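Welcome, and please take a moment with the sequence and the 3D view. A short tour follows once you have them in front of you.

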Amino acid sequence: MPLQDSHQRTVIYVDEGKQKTRMYARNSILRVLWYVYHQALLREQTMSRGIVILINCTSASLDQYDRKFFKKMYHSILHSFPVKVRAIHLCNPGRAMEFVLPVVKYFLDKNTRARFVVHQGNKEVVLEELNTFGLDLTKLPVHMGGYVPVPDIMPQV
């Protein structure tokens, strides 16, 4: 995995705007998720230091939200995957998510809720907030204003 934060934790980057949850079968997207997890496990430090999930929602729309898929993904990330999730950063979730996020957070367990951080604002504000969590420009993907190129793996699957 090319992305790491300043604490040497593997960062898994998700661009919600590019996800086509209605175009692909849910299980196919979950297979891609598991593939990314297995790639993260290739780094020896991943097991001991954990992972950080960085979700960019800048270009996402509410019609991309699939409750059944997110339920499966949540279970995979937090209950089936053998690596500790150290943080989940949700960047610019949009106005419609203001109503959904409190409900989502309600169903998260106490530890996950504490590690779930929402970053809202213009690009500079979000980048500054991410920097306080060890994600500076040298560790962020180009799509978010950083310097690290991240390939789009969905068309290859």
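The report below goes from the whole chain to one strand, one residue and a patch on the surface.

## The chain as a whole

Please keep in mind that this is a predicted model. The chain has 6 helices and 4 strands, and, read from the N terminus, these elements follow the order β-α-α-β-α-β-α-α-β-α.

Of the 157 residues in the chain, 41% are buried. Take the contacts between residues at least 6 apart in sequence: 76% of them join residues at least 24 apart. The exposed surface of the chain comes to about 9,100 Å², with carbon and sulfur atoms supplying 57%.

## Strand S2 and its neighbours

Strand S2 covers residues 51–56, and it pairs with two other strands. With strand S1 (residues 10–15), S2 runs parallel and is joined by 6 bridges; here Ile12 stands opposite Ile53. With strand S3 (residues 85–91), the pairing is also parallel, again over 6 bridges, and Leu54 of S2 stands opposite His89 in S3.

How many residues of S2 are buried? The count is 6 of 6, so the strand is mostly covered. In a regular strand, side chains alternate between the two faces of the sheet. In S2 both faces are covered: Ile51, Ile53 and Ile55 lie on one side, Val52, Leu54 and Asn56 lie on the other, and all of these residues are buried.

## A closer look at Ile53

Is Ile53 buried or exposed? Its relative accessible area is 4%, and because this is under the 20% cut-off, Ile53 counts as buried.

Leaving aside residues up to four places away in sequence, Ile53 touches Ile12, Tyr37, Ile77, Val85, Ala87, Ile88 and His89. One of these contacts, Ile12, is also the residue that stands opposite Ile53. Another of them, Val85, is 32 residues apart from Ile53 along the chain, yet their C-alpha atoms are separated by 7.5 Å.

## Out on the surface

For a contrast with that buried strand residue, let us turn to Tyr106 in helix H4 (residues 97–107). Tyr106 has a relative accessible area of 63%, which is over 50%, so this tyrosine is classed as exposed.

Which residues join Tyr106 in a nonpolar surface patch? They are Val103 and Phe107, and the patch that the three make is about 390 Å².

Note on methods
Residues numbered from 1 in each chain as written. Predicted model: local features only at pLDDT ≥ 70, side-chain atom pairs only at ≥ 80, totals over all residues. Heavy atoms only, no water. Buried < 20%, exposed > 50% of the residue type's maximum accessible area, 1.4 Å probe, protein only. Contact = heavy atoms within 4.5 Å. Areas by Shrake-Rupley, 256 points an atom, 1.4 Å probe, with all protein chains shown as cover. Patch = residues over 30% accessible without salt bridge, like charges linked within 9 Å, V, L, I, M, F, W, Y side chains within 5 Å. Salt bridge = Lys/Arg side-chain N within 4 Å of Asp/Glu carboxyl O. Pairing = 2+ DSSP bridges.
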